[in-house]
Amino acid sequence: MRALANLCKELNFSEYATRIVHPLSRLLQQPDGADELKNMSLNILSYLIYHLGSDFAVFIPVINRILSRQPHLDRALYESLVMKVVRRQTILESELPQISLTSSLTALKKSPSTNDNKLLDFKVNEQALRQAWKVRSQSTKDDWLEWTRRFSIELVTQSPEPAIRFCVELAQEYQPLTKELYNAAFISCWNSLHENAKHELSDNLAIVFRSRDLPS
């Protein structure tokens with residue numbers, strides 16, 4: 001989520017707006033808990049409004065319906081920016097939220113709330129990861145590039161960390177985000193694997209690193 005927020009602050013994601021908004025809307029629809037993640041989602045939506053301007057209007061009805069069922073969330077800033085979009089007024093950068101996602105996510109993980117912990121309890125599908133990391137008949141640079149792409153995406157998809165997993169749709173379309181998330185996704189998945197799966201992954205990675213055709 002932090003990586004997504006940083007990208008949304010600096011880049012115009014007009015082409016990927018739908019793939020960003022839909023996962024965030026699903027998070028906002030969670031019935032209980034995870035309010036920190038939901039508030040971060042609203043902050044990210046605020047940055048999208050800033051960059052997209054009137055193009056964001058198509059998402060407003062859906063997000064408004066979702067927020068109407070989440071009255072406890074602090075959405076005053078988001079709603080003020082939406083109103084400016086509707087009135088075609090200029091949004092200043094100084095009006096945007098100052099996102100500090102590191103501390104928010106740390107606080108969320110330490111939260112004793114049962115509902116929050118239940119929401120964050122994502123499981124790693126070891127079988128799906130096995131299919132992605134398995135070395136088959138790769139023999140060319142392009143083969144290894146495709147193996148790397150597939151494995152990287154599967155790590156993000158299977159990560160037990162919600163801040164990583166909720167970025168999967170954008171990561172599938174925007175390769176730089178996949179690269180940025182790779183290390184964190186790998187570690188989070190590795191820590192959740194059974195010992196035999198760790199050995200199997202290590203054996204496959206050894207084959208990869210020994211390949212003469214592995215891209216630099």
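This passage describes one helix packing and a set of salt bridges in a predicted model.

In the predicted model, the axes of helix 4 (residues 60–67) and helix 5 (residues 76–86) come within 12 Å and cross at roughly 150°, and the two helices are therefore roughly antiparallel to each other, since angles over 145 degrees are assigned to that class. The crossing of helix 4 and helix 5 is left-handed. On the side of helix 4 the contact is made by Ile-60, Ile-63, Asn-64 and Leu-67, and on the side of helix 5 by Tyr-78, Val-82, Val-85 and Val-86; classified by residue type, this contact holds 7 nonpolar residues and 1 polar residue, with no charged residues.

The count of salt bridges comes to 7. One of them joins the side chains of Glu-169 and Arg-26 at 2.6 Å, N to O, and links distant parts of the chain, with Glu-169 in helix 11 (residues 168–173) and Arg-26 in helix 2 (residues 17–28), 143 residues apart. Arg-26 is partly exposed, at 42% relative accessibility.

A salt bridge is also formed by Arg-130 and Glu-200, whose closest N and O atoms are 2.8 Å apart; this pair connects helix 8 (residues 126–133) with helix 13 (residues 195–210) across a separation of 70 residues. Arg-130 counts as buried at 16% relative accessibility, whereas Glu-200 is partly exposed at 29%, and both residues belong, with Glu-126, to a network of salt bridges.

Within helix 9 (residues 141–158), Arg-149 and Glu-146 lie 3 residues apart, about one turn of the helix, and their side chains meet in a salt bridge of 2.7 Å, N to O. Arg-149 is partly exposed at 36% relative accessible area, and Glu-146 is likewise partly exposed at 37%.

Notes: Residues numbered from 1 in each chain as written. Predicted model: local features only at pLDDT ≥ 70, side-chain atom pairs only at ≥ 80, totals over all residues. Heavy atoms only, no water. Axes fitted to C-alpha atoms, helices over the stretch in contact; angles between N-to-C directions. Helix = DSSP H or I, 4+ residues; strand = E, 2+ residues; numbered from the N terminus. Parallel < 35°, antiparallel > 145°, perpendicular 65-115°, else oblique. Left-handed = near helix turned anticlockwise from the far one by under 90°. Contact = heavy atoms within 4.5 Å. Nonpolar A, V, L, I, M, F, W, Y, C, P; charged D, E, K, R; others polar. Salt bridge = Lys/Arg side-chain N within 4 Å of Asp/Glu carboxyl O. Buried < 20%, exposed > 50% of the residue type's maximum accessible area, 1.4 Å probe, protein only.
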